[in-house]
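User: I would like to learn how labels are given to parts of a protein model. Please walk me through some.

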Amino acid sequence: MKHTDVLVIGAGPAGTVAASIIKGAGYEVEIVEKTQFPRFVIGESLLPRCLEALEEAGFIPALKEKKFQEKWGAKFVLNDAICDFTFNEQHTKGYNYAWQMPRADFDSTLADECVRKGIPVHYLSEVVDIKIDEQGHSITTVQKEDGSTFTVSAKFIVDGSGYGRVIPRLFNLDKPAQLPTRKTIFCHMEDPLRQTVEEPDRIVIYAQGNDCWIWTIPFSNGTTSVGFVALPEYFEQYGSDEDITAKFKKMIAAEPNLRERFKDVVLKFEPRILQGWSATSTTFYGHGFVLTGNVTEFLDPIFSSGVTLATVSAQKAANLVIKHLKGENVDWENDYMRYMEKGVDVFRTYVKSWYTGDLYKIFFADNKDASVKAQICSVLAGYVWDDTNPFVKNHERSVSSLINFLERKN
Ligand code: FAD
């Protein structure tokens, strides 16, 4: 049996940020990771707020060395209308850029930094069982790829298992998502024509009316990630999922903004399908454990909030775990769960009004008010806890009043 202060499940952004901050406070930390890195995961466009968490974890210098594509904004396109947000015009003082990169490279960089800081990362090691005693101390059973097992005793567990949702599944904490099931088909593609059609320094979202939206996320290695997101039935018009390459190419050819750019497309792998990613948990913490990242709640990819919420939750949780290990009282309900829910709720307002099409009325309005645009830009930069921003503090009211105002004006 291994003994440690804190066991972290998962070496994604949530797990590695939490591990690094807790280790930095002088505690022993071990990470168990089900896969072997580098491994593929979707979520390739970061938001500026995420860099604050990465900074506290000490990851920025290693990330800068990788020369990932800098991201200075986000552009939304609907037919001929364009709405271009640049982060250096945002309301909140903070980082004004982020990165776009293949997650395999990004996540490996964070995990390697953890190892460099003296945190053992056990790859191909899957958590299969957890027992927690009255003191909150745990015994976790971990299964290796060859079927053998080992156990880890820990004073505290941080669950950063992402789509694995280890603790919610083991302890029955899963809660139905509030958003309808959506599906994506996506791929990485060579993109030699990108300079002629768009700037590589921002994500571009193409809206196909209300039915479907498409992300293009250029990387610094010349590859671009392209993904279509819609309700599952939308994709049926392009044929069966069995020949997914043909289907994906048909979808590219049907989109005027992508047709020419990717006409001789070289796909880097067979297009992938994901469906039904929205998930949440009845609680984000418990006796001897805290949930971080996607295990808390994941809404939707439209505003690239996933890794930001993952790293911010890990940053917040790690500091509370340190307090707990020092023997101080922790108000997990207010200082963690309510705090994280607040950020998620802000994004939820924008996600919902994106899918109803209401947000289009704001994004694609003529003559946008600069201060309003700056405030919404801060939401899109991930600064969703800044109460000086009315589009954060009173997010639902501000969005609906602005839409009403714009409707009356037209
Ligand atoms: P993960 O990155 O999933 O890491 C969890 C780790 O835990 C994995 O490595 C996994 O192998 C490991 N694990 C799982 N089970 C176990 C186990 N039993 N034992 C040990 N280890 C285990 N986010 C963005 O920020 N920007 C985007 O542009 C974006 N686009 C997206 C597009 C789509 C279509 C979807 C579905 C999501 C997108 N996301 C995006 C969200 C993003 O994928 C996640 O929010 C992010 O990866 C969450 O990070 P995490 O650290 O919580 O989990």
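Analyst: We will go through charged pairs, then burial, then cysteines. This is a predicted model, so local features need pLDDT of at least 70 and side-chain atom pairs count only at pLDDT 80 or more, while totals for chains, interfaces and linings use all residues. Residues are numbered from 1 along each chain as its sequence is written, and side-chain values use heavy atoms, with hydrogens and water left out.

User: Why is the pair E297 and R348 called a salt bridge?

Analyst: A salt bridge needs a side-chain nitrogen of Lys or Arg within 4 Å of a carboxyl oxygen of Asp or Glu. The closest N and O atoms of E297 and R348 are 3.0 Å apart. That is within the cut-off, so the label fits. A search of the whole structure finds 23 salt bridges.

User: What makes E297 and R348 a link between distant parts of the chain?

Analyst: They are 51 residues apart. E297 sits in strand β20 (residues 297–298), and R348 in helix α10 (residues 332–356). Helices (H or I, at least four residues) and strands (E, at least two) are DSSP runs, numbered from the N terminus.

User: How do you know whether R338 and E333 are buried or exposed?

Analyst: Buried means under 20% relative accessible area, exposed means over 50%, and partly exposed is in between (1.4 Å probe, protein chains only). R338 has 40%, so it counts as partly exposed. E333 has 24%, so E333 is partly exposed too. These two form a salt bridge, with the closest N and O atoms 2.4 Å apart. By contrast, E297 and R348 are both buried.

User: What makes E407 and K361 a salt bridge, and how accessible are they?

Analyst: Their closest N and O atoms are 2.7 Å apart. The pair links helix α14 (residues 395–409), which holds E407, with helix α11 (residues 358–363), which holds K361. They are 46 residues apart. E407 has 41% relative accessibility and is therefore partly exposed. K361, at 33%, is partly exposed as well.

User: How do you know how many disulfides there are?

Analyst: A disulfide is a pair of cysteine sulfur atoms within 2.5 Å. The structure holds 0. Take C50: the closest cysteine sulfur, in C114, is 14 Å away, so it is too far for a bond. For C212, the closest cysteine sulfur is in C187, at 15 Å, again too far for a bond.

User: Why is C50 called buried? What about C212?

Analyst: C50 has 0% relative accessibility, so it counts as buried. C212 has a relative accessible area of 2%, so C212 is buried too.
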